[in-house]
Amino acid sequence: MSTIYKAFWEEALRQIQDTYVGEGREDEYTLWFGRMNYVEDTISTITVSVPSKFLWDQMVSQGLLSSIEDKLAEITGQNITIQSSFSTAPANTETRTASAQQTVSSPRQAMENMLSSLAQEAKEQEESASANAKAIPQEARERYEQVVSEEPHSQSPKADGSKRKTSELNEDFTFESFVPGDNSMFAYNTCFAAAKSPGTAYNPILLYGGVGLGKTHLMEAVGNLIQKNSSGNLKILYTQAEPFTNEFTASLKNKTTEAFKEKYRKLDVLLIDDIQFLEGKDKTQEELFYTFEALYNAHKQMVFTCDRPIDELKDITERLRSRFALGMNIDLKPPTYETRLAILQKNLEATGRSVPQDVLEYIAKNVQTNVRQLLSCLKTVTGYIDVIHSIDLEHAKDILHNQINTPGNGSFNIDTIQRVVAEHYNISLADMKSKKRNKKFVIPRQIAVYIARETLDYSFPELGTEFGGKDHTTMMHSYEKIVEQRKMDSSLDSTIQILIREIREYKK
């Protein structure tokens, strides 16, 4: 286990601590920096342990780790990346202080030791590189080829961030876990009735509205209740419009359209998310029309979701548009304050957690348009409590300042993010959502994706929908590209912070 940088690490922390103490922020230093333990290092990295992922994520988002990296670069002349390993062991502040004092007394010796160790480690890495390249097991090669050849539509993110097949229902999405309010009571009752009498009461159902209002939750609640009441004897399939399109396209290419038709037209329940993705895809629309006809005539239940009313979709064939109009088209609106507060309280009851009432009221008051963002803020607060064991309103405001828009400011939503970033880079909103590959458009688009992912907790498929119907792998690449660039380009980091401030202060 190498610790060649440890003396410099301790000196960097000592200098940072002096700054905090001089500003009267010693408690803040202890909160963030006093919980890290030095684990090991390589030629370009330092690994430290921290009590929890939440603490690590907060330090990353607030630029605290960058401040240590900058200080290390100043002391050593090396660009060193700090990486994490999670541990419940408390930081040994006494050892740190002693090491820091040792560093001050013999920096020349420490530098010589570091250079010697760096040279030896670089030599060992160079000698082992070619041997390692030749030592890849055949089974690993085969597994790699299998992974990269898998169809991108075979999986989509679950609400909790884990992976699931698109044909599977999220078991957490039930009518019991949904909190209906004035904004969603009609949709709730309609979906519940359809689940009780599938294919007869209300069929089809089209739920439409903005992101994070519960459309997918209600749709999958229908599937879960039908599955429960049928003891699993019915064929129920949940998917999104994008995977549906990809699967159909693959069936044309592979000449397996009969198998595709057999799969979808023999279902008892079909649930399709985000049908706005079908705009302009005439062949897929045609296939969905015939699938719709087969299921409707056989009295099989169908539920669809969309981000807007069906009449506002462009490039949708009239006959498919007319089929959606056969059933119930229901608008899901943002929840009221009382409903938002009830959602937070019910989530806490389900998890056995406790949060001060004034903190819950603050979240419910300020997050007005998106249930997903509401729960994301609650998760941040409960994560903080896990680490610190308590929280008050002022600390809640501090840790939520990047997630919550303050009263009087513009809504911190996907539309605002896209508009502000587009204006900053002097491109149009249409360019932001287009498929243009010119660097002038790609970089702003990637930055907007990154900000949306960080501040609104969107999944990659949802981001793809909001950015002109792109697939989730493109969104994932955009996000990861900015994550990496922020580590190397401090000016980009500053630009993103400026944009976030402009978004928070944006007024339409």
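I began with tryptophan 9 and looked up its contacts (heavy atoms within 4.5 Å); leaving aside residues up to four places away in sequence, tryptophan 9 touches Met36, Tyr38, Ile46, Val48, Ile68, Leu72 and Ile82. I note that this is a predicted model, in which local features need pLDDT of at least 70 and side-chain atom pairs count only at pLDDT 80 or more, while totals for chains, interfaces and linings use all residues. Residues are numbered from 1 along each chain as its sequence is written, and side-chain values use heavy atoms, with hydrogens and water left out.

Next I looked up the largest nonpolar core (buried Ala, Val, Leu, Ile, Met, Phe, Trp, Tyr and Cys residues joined through side-chain atoms within 4.5 Å). I found 52 residues in this core, with Trp9, Phe33, Met36, Ile68, Leu72 and Ile363 touching the most other members. Helix H16, residues 371-388, gives the core its largest share, 8 residues. For helices I used DSSP runs (H or I, at least four residues; strands are E, at least two), numbered from the N terminus.

I then turned to tyrosine 20, which forms an edge-to-face aromatic pair with phenylalanine 33, at 5.5 Å centre to centre and 75° between the planes. The rule I applied is that rings of Phe, Tyr and Trp (its six-membered ring) pair if their centres lie within 6.5 Å, with planes under 30 degrees apart counted as stacked, over 60 as edge-to-face and the rest as tilted. Are these two rings buried or exposed? Tyrosine 20 counts as buried because its relative accessibility is 8%, and phenylalanine 33 is buried at 0%, where buried means under 20% relative accessible area, exposed over 50% and partly exposed in between (1.4 Å probe, protein chains only).

I also saw that the charged end of arginine 25 sits over the ring of tyrosine 20, 4.3 Å from its centre; this requires NZ of Lys or CZ of Arg within 6 Å of the ring centre and within 35 degrees of the ring normal. Arginine 25 forms a salt bridge with glutamate 23 as well, their closest N and O atoms being 2.4 Å apart. A salt bridge here is a side-chain nitrogen of Lys or Arg within 4 Å of a carboxyl oxygen of Asp or Glu.

Last, I looked up arginine 372 and glutamate 462, whose closest N and O atoms are 2.6 Å apart in a salt bridge. Arginine 372 lies in helix H16 and glutamate 462 in helix H21 (residues 460-466), so this pair ties together parts 90 residues apart in sequence.
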